[in-house]
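Student: Could we walk through this model together, one question at a time?
Tutor: Sure, let's put it up and start.

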Amino acid sequence: MDLKQNVYDVLKQLPYQNLNELVIESVDDSKGDYCLPCFSLAKTLHKSPILIADEIANSLDINNSNIVKIESVAGYVNFFLNKTIISKNVLNNFEIEKYNKNNKVVCIDYCSINLAKYMHIGHLKNCFLGESLARLFENFGYKVVRINYVGDYGTPYGKIIAGIKMWGSKEDIEKRGIDALQEYYVKFCMAEADDKDLQQLARDIFKKIEDKDEEIYPIYKKVIEVSKKEAERLLNILGIKFDSWKGESSYANELDNVVNFLDKKGLLSVSEGATIVDLSKFDMPPFIVKRSDGASLYATRDVAAVIDRYNEYHFDKMLYLTAVEQKLYFAQLFKVMELANMEFSGNLEHISYGRFSLPNGKISSRRGKQAVLVDLIDYVLNKAKEVISNRTFTIENPEDVAMKVAKGVLSFNSLNVDRNKDVVFDIERSFSFDGETAPYMQYTYTRIMSILRKAESLNLNKVEADYSCMEQTNAFELIKLCCELNNILILALEKRDPSILLKHCIEICKNTNKYYTACKILDGNLSQIKAKLELLNLIKKVLKHSFNCICIETVEEM
RNA sequence: GUGUCAAUAGCUCAGCUGGAUAGAGCAUCGCCCUUCUAAGGCGAGGGUCGGGGGUUCGAAUCCCUCUUGACACACCA
């Protein structure tokens with residue numbers, strides 16, 4: 001529902017083309033709801049904007065329209081909507097736009113954790129961004145394939161297993177899980193720093209993994225199993241579920257195939273011993289597919305992966321979510337696919353986001369436990385429990401609410417700024433529960449629910465609603481905001497940025513909080529109460545739908 | 001060095017496909033719980049939109065330039 005349409009309907013009376021595009025929202029309601037700046041018309045019409053605005057304002061007939069007043073002020077034509085009529089129309093007819101399935105497949109590669117290492121703050125942003133985009137695509141009828149392209153391959157596994165053999169045991173891994181793996185990894189990394197023998201040992205063990213060595217390979221499988229279980233546990237808490245966990249190891253043996261494939265396309269050359277695709281014509285460094293020592297690289301496996309995914313899913317879009325530092329790399333990968341004339345090459349898209357960093361520097365899994373995801377979850381969950389226990393308002397399921405609030409805070413923190421911006425992560429500030437935050441949004445929803453519950457006893461079925469109370473500024477502002485939902489969803493999808501939707505939700509929540517404090521919903525005559533309750537129901541519907549798209553759950557009370 | 005992105009209130013950020021007096025939240029200082037949940041609401045202070053040019057009737061928004069910062073730039077992922 002686009003309320004500007006009411007203005008467009010009236011503008012049809014004028015002989016000028018493309019006036020609709022000029023219509024914008026008024027700066028404040030003393031200037032109407034929408035306005036038409038006439039400055040750009042001045043040139044073509046050879047008249048002053050003030051005169052044009054005057055003429056337009058005078059010539060338009062607003063009988064039989066939803067415009068109640070038109071005035072000309074300083075070159076602007078201001079349009080005042082008939083708030084009562086429009087509100088009635090909206091409250092009786094508003095539906096969240098349903099999109100039919102469009103048979104298009106979007107693969108989203110996100111999360112992409114390295115198994116056997118802790119998930120950290122950076123993954124949080126990646127996961128929620130990916131999940132939110134997935135939900136947005138689903139909203140518009142796409143079939144989404146969620147791919148967790150896990151790092152389950154490479155010398156780090158040689159190191160972990162070396163560590164286990166030196167200090168640990170199978171039982172220990174069974175018992176302590178990821179903590180044990182992380183500990184041996186860190187310990188081994190420190191030990192090998194100036195020990196050539198240990199470095200060689202790790203490489204040897206990795207080779208044994210590749211060769212499916214009788215002793216080593218089962219340990220590797222165990223390591224993967226334990227790590228995957230932990231990752232699934234955490235992702236489950238966050239409310240994220242993947243369709244594919246196909247990791248790098250699945251493409252480990254594709255080196256020859258990839259090299260042959262690119263060679264047939266005539267793209268390969270050898271430089272400094274390495275096999276490369278020369279991209280100098282495109283002002284890019286070479287794309288290396290085979291190291292000078294003959295080994296494969298991430299890039300090799302990515303070529304294999306994208307082809308494999310296309311064969312399996314026939315995607316219409318393939319989205320890669322990573323931090324911004326991989327921008328050039330993906331530009332190279334996509335260019336190589338284009339040069340290889342792959343039919344899907346135009347449908348690959350890299351969605352980058354700014355870096356998360358700690359106040360004291362870079363995040364690294366080798367540098368101790370700060371900003372590790374489990375700790376963050378614990379921290380927020382405990383804080384939520386504490387806040388709940390200190391409240392005067394008692395609720396039925398404090399544990400459940402605490403969990404939903406905690407998840408909301410984590411998601412909010414990942415999605416609330418423009419995805420391209422770098423964020424310095426400050427735990428106290430980021431996980432605040434006051435002001436414009438996820439708890440604030442959830443709280444708004446509970447207040448609506450609370451009023452709606454209370455209203456049930458009023459028995460308003462036979463009462464006819466009186467929409468004149470929607471003339472009130474806050475009320476009509478809410479009507480407008482709710483009507484913008486679909487445009488906001490479209491924008492968030494197009495820009496691949498859920499923060500746009502999140503901002504809009506906050507705007508709705510702010511106005512809702514203002515509304516019910518300034519105007520008591522269950523006071524006054526029944527006809528007006530009915531209209532006000534319809535408004536609350538509208539807001540509820542819009543918030544519930546929007547929250548889901550940004551991975552924030554609603555709660556009934558808190 | 002080259003390229004990409006960024007710079008808006010003390011702090012964190014909106015606004016950026018040009019439009020009327022630049023907005024929030026946090027922090028600071030006031031006020032509001034006998035009235036639908038105070039995780040709330042109301043109010044106050046706080047700005048040469050990094051500097052300088054340009055385009056335009058009009059620029060935080062577009063272009064150029066400079067400064068500062070982050071990131072990337074051949075065998076890591």
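Student: Where is Tyr-16 found, and is Tyr-16 buried or exposed, or something in between?
Tutor: Tyr-16 is found in the loop between α1 (5-11) and β1 (24-25); helices (H or I, at least four residues) and strands (E, at least two) are DSSP runs, numbered from the N terminus. Buried means under 20% relative accessible area, exposed over 50%, and partly exposed in between, with a 1.4 Å probe and protein chains only. Tyr-16 has a relative accessible area of 30%, so Tyr-16 is partly exposed.

Student: What should I know about the model before going on?
Tutor: It's a predicted model, where local features need pLDDT of at least 70 and side-chain atom pairs count only at pLDDT 80 or more, while totals for chains, interfaces and linings use all residues. Residues are numbered from 1 along each chain as its sequence is written, chains are lettered from A and ligands numbered from 1 in the order in which they are written, and side-chain values use heavy atoms, with hydrogens and water left out.

Student: How many helices and strands are there in chain A?
Tutor: Chain A has 558 residues, and 52% of them count as buried. Its C-alpha atoms fill a box of roughly 85 × 65 × 40 Å along the principal axes. As for the count, chain A has 21 helices and 13 strands.

Student: Which helix gives the most to the surface near RNA strand B?
Tutor: A residue is near the strand if one of its heavy atoms lies within 4 Å of it. Several elements each supply at least two residues there, including α12 (298-313), α14 (373-389) and α20 (499-518). With 8 residues, the top contributor is α17.

Student: How do the residues of that surface divide into nonpolar, polar and charged?
Tutor: Ala, Val, Leu, Ile, Met, Phe, Trp, Tyr, Cys and Pro count as nonpolar, Asp, Glu, Lys and Arg as charged, and the others, Gly among them, as polar. Among the residues that come nearest to RNA strand B are Arg-291, Arg-391 and Glu-436. The split is 27 nonpolar, 10 polar and 25 charged.

Student: Which residue has a backbone N or O atom 2.7 Å from a base nitrogen of RNA strand B?
Tutor: Phosphate oxygens of the strand have partners too: one is 2.4 Å from an N or O atom in the side chain of Lys-421, and one is 3.2 Å from a polar backbone atom of Gly-435. For the base nitrogen, the residue is Met-558.

Student: How are α6 and α9 oriented to each other?
Tutor: Two packed helices are described by the angle between their axes and the distance between the axes. The axes of α6 (residues 155-167) and α9 (residues 196-210) come within 7 Å and cross at roughly 105°. Angles of 65 to 115 degrees count as roughly perpendicular, and α6 and α9 are therefore roughly perpendicular.

Student: Why is α18 described as largely enclosed by the rest of the structure?
Tutor: Phe-476, Leu-478 and Cys-482 are among the buried residues of α18. The buried residues of α18 pack against several elements, including β2 (34-37), α4 (83-93) and α21 (526-549). α18 (residues 473-483) is largely enclosed because its buried residues number 9 of the 11.

Student: Is Arg-496 buried or exposed?
Tutor: Arg-496 sits in the loop between α19 and α20. Its phi is positive, about 55°, although Arg-496 is not a glycine. With a relative accessible area of 11%, Arg-496 is buried.

Key. Polar contact = N/O pair within 3.5 Å; in protein donor to acceptor, adjacent residues only side chain to side chain. Axes fitted to C-alpha atoms, helices over the stretch in contact; angles between N-to-C directions. Parallel < 35°, antiparallel > 145°, perpendicular 65-115°, else oblique. Contact = heavy atoms within 4.5 Å.
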